[in-house]
Structure formats: structure tokens, C-alpha cells
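Colleague: Please take me through this model and justify the terms as you use them.

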Amino acid sequence: MAEEFPVVIADHEAPAWWTSAVVYQIYPRSFQDSDGDGIGDLRGVLQRIDHLAELGVDVVWFSPVYRSPQDDNGYDISDYRDVDPIFGSLADLDEVVQALHSRGIRVVMDLVVNHTSDEHTWFMESRASTDSPKRDWYWWRPPRPGFAAGEPGAEPTNWASYFSGSTWELDPGTGEYYLHLFSRKQPDLNWENPAVRDAVYEMMRWWLDRGIDGFRMDVINLISKTMADGGALADGVVKDGLYGDAWPLTANGPRLHEYLQEMHREVFEGRREALLLVGETPGATVEDGRLFTDPARGELDMVFTFEHVGLDHGPGGRFDRRPLDLRELKATLARWQTGLKDAGWNALYWCNHDQPRIVSRFGDDGAYRRESATMLATVLHLHRGTPYVYQGEELGMTNAHFAALAEYRDIESLRYAAEARAHGRLTDDQLVEALAFGSRDNARTPVQWDDTASAGFTTGEPWLAVNPNHVTVNAEVECRDPASVFHHYRRLIALRHEDPVVRLGDFSLVAPEHPHVYAFTRSGGGPTLFVAGNFSGEPQRIGVEGVDPATAGRVIGNYDDAPRVEEAELVLRPWEAVVLRAAR
Ligand code: TEU
């Protein structure tokens, strides 16, 4: 594949290219179908390249398109070096990469190497016998002492999988259990084994040699497991009466940074400057974030933190809704801004394929859909870091609001519902409510391109129902209206490209205790910016800092005219966002 970009010169003084970039995530299954089977595919992406170019994004990250039994929609990979036929072929992928490159858009691939599919040849060899040369590529353990294989309670530990049930699955052939933090079709790879690491690195080099521009690394902080220390296993603290917490022994293990630095040497050395390396790191603290992203350490460029997207979760987790306290959101994001100010870099996001839609969560997806979607975008994109836009976010797409359990397709939701039902924890009505709030399918309904029957996504039966609001919420309408969510995102992306203060300025929170307004300044390297977003449907007053509202210019806002100023305070209208720039 031809390299279409200017050669990036290694200059450790200049900020990396991705400090002014915006990334767009494509979840191919739900983006655009080209062959009428109801599932999005790569030739479908080709039809929508203009949309991405008009939006102005710099990078596209593809959720997995590799060969996969699709137990977890492609996050269960059976062949890392081929494209699944439901998405097309390797040749289609090459065409997509070329088409994006020719528009100046780089391509980042999802890298899912904490686990493989149980249908990957590595696992099939591993499970074949206890003395298979690949036995040690995965985590095999005998039944709990005193128990026979298969007996209730014989699992080596009581750990809960992320997808409900146990993390252990019995292989009847050898009478041992294998570890799977996610579904039983996603066995965890044993990174302690150097042969596993070499095989992964070789595969990564193969992709880079094909011309891709980086990786988004799935649950990368789970690859080193504390359980490896002497092989000791211990039950976790039981949360829900059934299963225990696997986290302490299966995440953030002692060799995590060693592995990432080794990966860096083995795969990225000599070409790092042209790439984008982003890690998905659930549970990471700011201190972890700094270790991952301090460029001097040679690990990753940035990581996805989960703290801010967990603030509306109750003790029961993602299906247990509690109201957001804006002060906590501000404090959390500000901690990351400050913590990574001198060394490291933030990935900024509200949405991805695992998160319900932000406008339905922290905004108002009814009367103020446009206002709240554009306010949320403004606040996020004015932070220091690299913003990620998830497909449909730029259209102000909302949660699915499914009224029946039968609508759901996601394995996490289905298994959660089955377990909650089996143990009588929730009634069906409560389950409908819980999934409507927390299901990943909220993010996965097909992209709404137009107002036709299947929203222009497919000519067939979509694999997951199209949101009925596509009649009014769709790309065609959005692109026509200059005040739309789409054009607001386009302007925010252009602003990051043009304004050095947006790109690199220091972040400082204003009025941290204000319960409804998120305000901050960005300063250094140019005239100070003041940013304010009203997280409510009522007017709110906020004092202005760092700029004089009488002389400041309005850089961007989501109402036609500037907000009223009264006694040096701004009076923000419902869900209003505004960015002011100090007069020079
Ligand atoms: O997600 C990992 C993760 O920790 C969560 O966001 C996950 O979605 C889970 O539902 C927690 O409630 C990554 C992928 O993004 C996700 O789609 C995969 O299912 C998962 O890893 C396994 O590969």
C-alpha cells in the first residue's frame, strides 16, 4: 500500500501530530451495509468516505473486522490476519485504507490480544491435550481441590466474568478449566509465555507493513495478571451473592509496563512518530495513565480512562442508574487534565460502541437534543487531548429506548438479563429499564443516514433495530442545516486544527462547585479561551474568568447570538455552550 502522507520527521521537541487530531470510530457492523444482509461492511464504508472527509476527521479507528465467530461482535478473533466474510475481504480493506489515505485520513485498527476466540487455531491446539506445545498459551487450571471437574463449585476460583457467570469454563476433554474474563468464547491469552508475545508482535508488524497507522488496544491493562505470581489463586470478594471480584488478580499485573515497553521495542521502534497508539484501560487511575503515556517511557500515546463514564453508575454497575453530579464529572476530568499536563496525553471521549449515547445520558435527548448534544461536544472538544467521535455522535443520535427485551442483541446485555432473571433479582419491567439505561446496544443501532425505512443503512433487515427517530434525526437533515449537531462537530474539529491554544493550552477549572455549569479556561501559546457549558434545561449564571466579556470574541457557541452578560456574569440559556477568546 502506498504511503500517502508526508514522512513524519522524528523531532522530540515538536508536539506529536495527533495532538491536533480528531479520531472517528467506525463500528463496521452498524455503519453502512452494501450487500443487503443487514450487517454493515467494508464496501459500505467506501460509500460514506465523503461524510468523514466533510466532517474533517484526521483518523478513523475500525472496531474489529477480522475473522470471528461474532460471539462478541468481532472482539472474539479466530484469525488476526484475515477479514471476516460478513465484512468483506482483505482486498476490500486495502481499498478502504487507500480511499481514506487519499483523503488524508489515517487508519487505526483494533488490536484484541488479551484474548482470542476459542475457535482460533492457537486455542484449538491448546485445548487438544495437557501436553500440547500450546497448552501454556492460555490459562488452564485444575478443578478446585476437593471437587471433581464439572461439579458445582469446582471452578478454580469464584471470579465473575465481565459478561456475567464464571470466568472459568470446563474443557471436558482434559478435565481442566480455562480462564475467560469475557465470554466463554474469549479465552485469555497467557502473556507470561514469550512465544505468545512474539506471535502477537509478529502479527502487529504484519499489519503495520500493510500500511495501517496505529492500534487501539482492547483492554490492554488486563494482559499482565497478578495470578501469575507463583500461580496462586484466591477467591474474590463476592459482590452480588454469587461471584467474586476477579480484578485484583487479573488486571494491572506486575509485568504490564514491561510488556508494553517490549512491544514498543519489538513493533514500533523506528516508526513510532507516524503512528497513533491508544490503549483501552478500564480501571486505570491518573497515576497509571501517566505511566502509560509519558513519552519518555515508550509505551502508549494515550489511553481511554473510564472514570468519567462510570459517574452515573450505582453500586450495581453499568445497569444501575444513578443521577450524574456535574461537580464529580468536572473534578474527574480536571484531575486527568492536571495529572497528564507535563508528561502524557489524554484521549477525550463521551461515546464508543460500549457506551450508551451521551445525549441520552448527560444531556436531554428530547426537547433539547440539538442544544445538549452540541453543548456536550463543545465542552469535551475544548479539553486538552485527542477527541474521539463515535459514529452517529456527530448526528446527535440517541439511545435506542427499546421497550422489549427481545430487541437486544449484545451478549453482555443478554447474559446479564438471563442471570438476573434466573436468580429473580429483577422483574422483566425492571430489566427493560436497566438495559434501556446501560446496554451497549444503545450505541450499536444502525447509523441514521436518511429518513427511509432502514435509515439508508441497509436494503435488508437490519441486525439490530433502527431507532424510529431516524425520520427526524439523520445525516441528510443534519448536513443541510448549518446549526445542526453535524456542523457543530465540523466546526469544533476545524477549531482544533487551527487554534494552538485548543491544541496545547493549559486547562484550569472555573467554579468547580457550580452544580450546573462546566466552565474552564485554556491558556498559554495565544489569547486565553474561556469555555462554559450549561448542563441543565434552566438558565444559569456563571462568572467569567481570564477574559473580559465586554471585549472578548465569541469563538463558537450553540445559539445564534452570544449569551447575555450581566454584572460580569454570563447568563447561559438551556444547554447553552460558549467559547470566548480574550481580546489580544
Ligand atoms: O471492552 C472492555 C470493557 O471493559 C468494557 O467497556 C466492556 O464493554 C464491558 O461491557 C464492561 O461492562 C472491550 C471492548 O471495547 C468491548 O466491546 C469488548 O466486549 C471487550 O473489550 C472484550 O473484548
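Colleague: How many residues surround the ligand, and which are the closest?

Modeller: The ligand is surrounded by 18 residues, and the closest are Asp72, Asp218, Asp354, Glu412 and Arg440. A residue counts here if one of its heavy atoms lies within 4 Å of the ligand. This is a predicted model, in which local features need pLDDT of at least 70, side-chain atom pairs count only at pLDDT 80 or more, and totals for chains, interfaces and linings use all residues. Residues are numbered from 1 along each chain as its sequence is written, and side-chain values use heavy atoms, with hydrogens and water left out.

Colleague: What makes the approach of Glu412 to the ligand a polar contact?

Modeller: A polar contact is a pair of N or O atoms within 3.5 Å. A polar side-chain atom of Glu412 is 2.4 Å from a ligand oxygen, so the pair meets that limit. For Asp72 the distance to a ligand oxygen is 2.5 Å, and for Arg440 it is 2.9 Å. The protein covers 94% of the 490 Å² of accessible area (Shrake-Rupley, 1.4 Å probe) that the ligand has on its own.

Colleague: Which strands stand at the edges of the sheet with order 6-8-7, and why?

Modeller: Strand 6 (140-141) and strand 7 (168-171) do, because each has a single partner strand and one side without a neighbour in the sheet. Strands are DSSP runs of E, at least two residues, numbered from the N terminus.

Colleague: How do you know that strand 6 and strand 8 pair?

Modeller: Pairing requires at least two bridges found by DSSP. Strand 6 and strand 8 (176-179) have 2 bridges, in the antiparallel sense, so they qualify. Trp140 has Tyr178 of strand 8 as its bridge partner.

Definitions and conventions
Helices (H or I, at least four residues) and strands (E, at least two) are DSSP runs, numbered from the N terminus. A polar contact is a pair of N or O atoms within 3.5 Å; within protein, one must be able to donate a hydrogen and the other to accept it, and residues adjacent in sequence count only if both atoms are side-chain atoms.
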